[in-house]
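This report describes how two domains of one chain meet. The sequence and the structure come before the account of their interface.

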Amino acid sequence: MVSYLVRRLFMAIVTMVAISVLSFAIIQLPPGDYITTYIAQLAADGTSLSDAEVLALREQYGLDQSFLVQYLRWIASVLHGDFGMSMEWRRPVSELIGERLWLTMAVAVAAILLTWALALPIGIYSAVRRYSVADYAFTIVGFIGLAVPNFLLALALMYFGYKFFGINIGGLFSPAYVDAPWSLARVWDLIKHLPLPAIVLGTAGTAEMIRVMRANLLDELHRPYVKTARARGLDERRVILKYPVRVALNPFVSILAYLFPYIVSGSIIVSLVLGLPTVGPLLLRALLAQDMFLAGAIVLLLGIMTVIGTFLSDMLLLWIDPRIRLEGRS
Amino acid sequence: MTATYIETVGDGSATESKVLVASQWQLMWWRFRKHKLAMAGTFVVAFFYLVVIFADFLAYSDPNASEAYQALLPPQPIHFFDDGVFAPHVLGMTGKRDPQTFKRVYAPDPEKKVPLRLFAEGYSYKFLGLIPTNRHLIGPVGALAEDTIFLFGTDMQGRDIWSRLMIGTRTSLTIGLAGVTLSLLLGILLGGISGFYGGWIDNLIQRSIEVLKSIPTIPLWMGLAAAMPRDWTVVQVYLAITVIISLLGWTELARVVRGRFLALREEDFVMAAELAGCSRARIIARHMLPAFMSHIIAAVTLAFPAMIISETSLSFLGLGMRPPAVSWGVLLQQAQNVQAIAISPWLLIPAIPVIVIILAFNFMGDGMRDAADPYG
Amino acid sequence: MVEELTVKHFEITETARGPKQMNGAPVLSVRDLRTHFFQDEGVTKAVDGVSFDVCPGQTVGIVGESGCGKSVTSLSILRIVDPPGRIVSGKILLRREGGGGVTDIAALPANSRALRDIRGGEIGLVFQEPMSSLSPVHTIGSQLMEAIRLHTHLHESAVRERAIDMLRQVGIPQPEQRIDSYAAQLSGGLRQRAMIAIALAGQPRLLIADEPTTALDVTTQAQILELLRSIQEETGMAVALITHDIGVIAEMCDYVIIMYLGRVVEQGPVDQIFFSPKHPYTEALLRSVPNVHSEPKTRLPALAGSVPHPLHRPEGCPFHPRCARFMPGTCERSQPRLTEVGPDQRASCFLYPGADHG
């Protein structure tokens with residue numbers, strides 16, 4: 001168990017480092033650098049800098065250094081909570097991201113909870129009642145869920161909402177709460193707005209998880225240990241829920257770890273379509289405007305969020321599967 | 001199911017001896033054929049790639065020709081009979097301003113008939129990229145400027161959606177193909193190394209895959225895509241997008257290749273080949289590759305949908321293919337605004353092929369995966 | 001797939017095991033049981049008209065090559081055959097204790113209370129593979145205590161005590177610690193002991209052991225068999241022992257049932273079966289096992305051919321294609337019936353008068 005924990009923790013740290021390097025690479029990728037952009041901005045305002053001033057600025061920001069040194073400088077300031085300045089907004093990046101990051105998390109967690117709440121019972125039902133009408137129906141719905149890219153699903157839902165109910169679904173708050181300070185009422189308003197994005201984001205994952213659960217459970221249903229549980233006189237419903245479902249839960253939970261980055265990814269596009277105040281629209285805008293410190297910070301924070309989510313689902317797996325806990329003990 | 005084939009051969013009836021001598025590929029084909037949805041999916045995929053090959057022929061007007069005064073025209077259905085006589089035509093549209101809303105409303109005008117014919121003349125292109133021609137599958141009979149047809153309506157710039165859809169299909173599906181090919185190369189290379197050598201190399205590659213899989217990909221690819229210089233040509237962007245989306249798909253393929261390699265390494269026939277003194281390269285090429293080709297093909301088929309969704313999503317966001325290039329994602333950019341869709345629902349038509357082809361690839365891949373192991 | 005009949009040295013002497021006292025009416029009477037599997041490719045008649053009795057205190061051995069339907073018979077008795085398998089006809093009569101009458105298990109509603117009380121409470125079941133028969137994610141104790149709770153009315157505080165007691169009874173050392181172990185942490189022999197404890201938790205009157213020693217090494221096999229025997233002596237329960245190991249039969253059983261392709265080909269007291277087998281299949285089966293009297297360094301006669309695929313069952317007597325005493329014109333025409341061929345011994349073969357009646 002300890003070795004598993006250490007290994008997972010190590011992987012999480014390596015992943016975070018990899019993500020931070022990639023995020024910094026994104027900041028560095030576009031031709032030119034921060035100063036070139038800055039000079040261009042100043043020029044647009046009518047000021048120009050002398051070559052000496054430019055050189056001094058470059059030194060100040062360490063832009064004359066190698067990639068590694070620059071990266072280490074950046075990471076050091078990030079660790080102090082300083083993500084740099086947004087060129088476009090002329091405000092500190094951390095200020096811009098603030099609430100949006102938490103809302104992104106809320107949307108992702110809502111989507112994951114929904115995925116679980118739907119996939120688990122449907123997967124179990126489909127496996128136990130294989131080839132029933134409902135099983136076929138779920139299979140078909142699942143296939144469509146897999147096939148419709150979630151931005152299209154969001155578009156379709158918005159279209160139907162607009163066409164048949166005349167309402168503009170989207171956003172995470174009612175107009176009255178958009179700029180209101182946090183209060184219980186505002187949280188409740190948020191909760192009321194979460195299901196729609198959760199459905200849009202969760203559909204593909206739910207379809208996939210139903211397939212996984214169904215396949216795993218079908219593998220387990222005919223194992224001898226299920227027969228022995230029946231043979232000792234246990235009620236059929238409890239036989240299924242206590243034994244094969246419990247075993248089939250392991251692959252189900254381990255896939256959850258990969259579901260998290262997938263959903264965070266998807267939330268970017270869905271937020272754009274549904275107009276959610278998450279980091280998604282901010283990232284797109286930053287990328288299109290080549291506001292690279294902002295973009296890099298968002299990619300980094302999303303990555304770190306994902307690593308934490310993945311780590312937590314690994315811990316869940318540890319809790320659920322005694323075989324991992326026993327590793328290296330027996 | 002096939003297990004019984006093998007077990008019943010002892011009885012020596014005609015069909016069973018056929019099974020006994022059938023090659024691996026024949027067995028797979030027989031099994032695949034049984035999978036109705038997979039067969040349907042295969043036909044759909046084949047149909048779509050025919051569209052790719054004949055895209056220019058199927059289009060009838062220049063995909064980038066825009067007429068501002070013909071913006072957002074609704075689709076024109078084909079009427080096959082005119083007063084009981086076979087004379088295919090569409091009805092021209094007349095725009096009127098709604099006196100209340102002041103919006104321009106188009107209605108079919110029974111007086112303005114635009115006759116259609118097969119192999120009509122239109123814009124010039126090279127058939128199959130070789131033969132210069134200006135013939136298209138269908139088109140208006142005359143070459144009059146005002147004789148236009150818009151089977152799927154027009155977009156905001158007054159461009160014909162049908163023609164753009166044909167060209168967009170070509171772009172999106174070839175990007176998918178190229179992306180899958182690239183990630184297949186990466187997957188086979190890295191997965192193969194991982195599976196064949198094992199040890200620390202395997203460990204390193206596996207851990208890297210784990211790291212890659214736990215990074216949220218879309219923001220990362222968005223970042224990469226956004227870094228493409230604005231002045232790149234369509235071809236450069238096309239290649240860059242292909243590379244970007246294939247960086248997304250190789251991990252799963254590598255996993256499959258490695259898994260097969262590990263399984264096969266333990267097989268007796270590989271051991272036998274080794275004892276017979278075969279070289280490593282020969283063992284891989286002659287003994288192992290044929291044994292897992294089928295699994296690779298199945299995994300490749302299942303990798304297509306992710307490629308297509310990636311391209312469509314990136315282009316939809318304005319970070320992938322850019323105008324004047326036409327792809328499904330570029331077409332769907334027009335449908336970003338709900339009000340626009342509500343007024344002109346035909347802007348969502350390009351979503352249909354996206355969904356259909358993804359379903360088709362999924363069904364086909366599922367069938368292939370089931371058939372991949374005909375002796376299992 | 002092809003599992004050879006275990007070849008093991010054994011010796012039967014006149015003094016080995018005399019037939020045990022039959023204590024009254026049978027606990028279990030199976031009558032003309034048929035369990036078929038309905039698949040796309042056709043119907044597999046895994047069990048096709050099996051009848052036998054098990055009396056209290058008796059050990060009945062059910063022998064046959066793999067695929068002969070012996071395991072399906074045991075699953076059918078508890079009604080735990082998985083689909084597409086189904087009991088299509090026949091009776092499984094369980095005689096209740098103290099004049100409680102007779103229950104036809106085959107006629108009970110699925111998953112009914114009455115059926116569940118019989119599973120584990122009246123009939124216990126031990127499987128071949130102790131590893132896969134125990135849940136990989138539950139402790140031995142949790143499965144054992146579950147069985148105890150289902151079939152006794154012990155107070156919750158006493159359940160764990162009882163479980164530890166039972167583990168001790170089946171010879172598991174340090175039961176206080178082992179109770180919280182997972183199957184993967186125990187050796188094969190200990191796992192099978194735990195399985196036996198679980199099967200015995202409801203104090204059943206009949207224990208069905210489906211190849212309980214096949215997956216174990218030879219020394220452990222002997223220990224497990226010894227355990228079963230001592231438990232039987234203490235409790236007086238009946239045991240149905242399913243095996244393909246003739247040696248185990250000789251060591252353990254009072255009465256033997258020999259199955260081939262879903263049918264009983266011969267049955268009788270163990271000595272009669274070993275010393276005067278009547279069915280050609282039984283003869284062949286016994287000849288293929290070495291014993292101390294056989295000539296050294298000679299080739300053992302093996303059974304010709306292999307068990308046909310169940311979907312392609314031969315017409316007539318299912319054994320005729322492999323039979324050394326095949327009678328053309330008779331054996332492939334119709335199925336022989338079980339007929340008396342000795343005291344309490346029956347065989348289904350046209351060599352004996354009466355097999356073709358009906």
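## Domains and their separation

In this predicted model, the C-alpha centres of domain 1 of chain B and domain 2 of chain B lie 37 Å apart. The bounds, which come from an automatic or database domain assignment, give 43-51 + 164-372 for domain 1 and 66-159 for domain 2.

Residues are numbered from 1 along each chain as its sequence is written, and chains are lettered from A and ligands numbered from 1 in the order in which they are written. Local features need pLDDT of at least 70, side-chain atom pairs count only at pLDDT 80 or more, and totals for chains, interfaces and linings use all residues, while side-chain values use heavy atoms, with hydrogens and water left out.

## Buried area

About 880 Å² is buried between the two domains, 66% of it from carbon and sulfur atoms; buried area is the accessible area (1.4 Å probe) that two parts lose on being put together, summed over both. On the side of domain 1, Arg164(B), Gln334(B) and Trp346(B) lose the most area to domain 2, together 60% of what that side buries.

## Polar links

Between the domains there is 1 salt bridge (a side-chain nitrogen of Lys or Arg within 4 Å of a carboxyl oxygen of Asp or Glu). Asp155(B) forms a salt bridge with Arg164(B), and their closest N and O atoms are 3.5 Å apart.
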